[in-house]
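Subject: Handover of a structure and notes on its contents

Dear colleague,

Please find below the structure for your consideration. My notes on it follow directly after.

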Amino acid sequence: MNYADIKQFDIANGPGVRVSLFVSGCYHHCKNCFNEETWDFNYGSPYTKETEDRIIEYMKPDYVEGITLLGGDPFALPNQKPLVELLKRIREIYPCKTIWCFTGYLYDKEILEDMAIDHEETMELLNLIDVLVDGRFVESLKNAKLRFKGSSNQRTILVKESLEKGEIVLWDPNTR
């Protein structure tokens, strides 16, 4: 896996101060994507053990609420296995910090009904995430007033609650 960037102090991609990992590689190619260069799986730098150690170190301060995965697309199959390993480590070291993830795939249709059936790491990755912002960016539905998403078709999903109930439970932006 390659990654495009790591932001040590990010306040735009989830609540509070977060570490954000922008992975490389995306199949969606949404029109007017804000991060087009990350479509290429070879863009950026190779993700290594040293990269992972740096992310773990960035998350250490108490004021860091968690990590956000975005890109590219963390749920693109080539990205899943390394991210599962990173998130397992984060859960072990920082069990109270939150994990957010942005994907162009739809949670209920593409992830649960398709990818998770054929790829065991998809379900592993999903089970490690607290909040998933799903759906492709759609230029005609762009809305700058939305909190932590770019277009109104995207959903901010509480993953654990959704898996437990068997239906989508949305995150309430009025709560943290």
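How many disulfides does the count come to? The count is 0 disulfides, and please bear in mind throughout that this is a predicted model. A disulfide is taken here as a pair of cysteine sulfur atoms within 2.5 Å. For Cys30, the nearest cysteine sulfur belongs to Cys26 and lies 6.1 Å away, so by that cut-off Cys30 is in no disulfide. Cys101 is likewise in no disulfide, its nearest cysteine sulfur, again that of Cys26, being 11 Å away. Cys30 is buried, with a relative accessible area of 13%, and Cys101 is also buried, at 0% relative accessibility.

I turn next to the contact between two helices. Helix H1 spans residues 49-58, and helix H2 spans residues 77-93. The axes of H1 and H2 come within 11 Å and cross at roughly 35°, and the crossing is right-handed. On the H1 side, the residues that take part are Lys49, Glu52, Asp53, Ile55 and Ile56. They meet Glu85, Leu86, Arg89, Ile90 and Ile93 of H2. Sorted by class, this contact has 5 nonpolar and 5 charged residues, and no polar ones.

Glu52 of H1 deserves a separate note. Is Glu52 buried or exposed? Its relative accessibility is 11%, so Glu52 counts as buried under the 20% cut-off. Leaving aside residues up to four places away in sequence, Glu52 touches Tyr47, Glu85, Leu86 and Arg89. The C-alpha atoms of Glu52 and Leu87 are separated by 9.9 Å, although these two residues are 35 residues apart along the chain.

The last element I wish to describe is helix H3, which covers residues 107-118. Which residues of H3 are buried? They are Tyr107, Ile111, Met115 and Ala116. Viewed down the axis of H3, these buried residues fall within an arc of 95°, and therefore they line one face of the helix. The face turned away from the buried side carries the exposed residues Glu113, Ile117 and Asp118.

What do the buried residues of H3 pack against? Among helices, their partners are H2, H4 (120-127) and H5 (159-165). Two strands also take part in this packing, namely E6 (131-134) and E7 (155-158). Helix H2 thus appears in both accounts: H2 meets H1 through the residues listed above, and the buried residues of H3 pack against H2.

With kind regards

Technical notes:
Residues numbered from 1 in each chain as written. Predicted model: local features only at pLDDT ≥ 70, side-chain atom pairs only at ≥ 80, totals over all residues. Heavy atoms only, no water. Buried < 20%, exposed > 50% of the residue type's maximum accessible area, 1.4 Å probe, protein only. Helix = DSSP H or I, 4+ residues; strand = E, 2+ residues; numbered from the N terminus. Arc of directions from axis to C-beta. Contact = heavy atoms within 4.5 Å. Axes fitted to C-alpha atoms, helices over the stretch in contact; angles between N-to-C directions. Left-handed = near helix turned anticlockwise from the far one by under 90°. Nonpolar A, V, L, I, M, F, W, Y, C, P; charged D, E, K, R; others polar.
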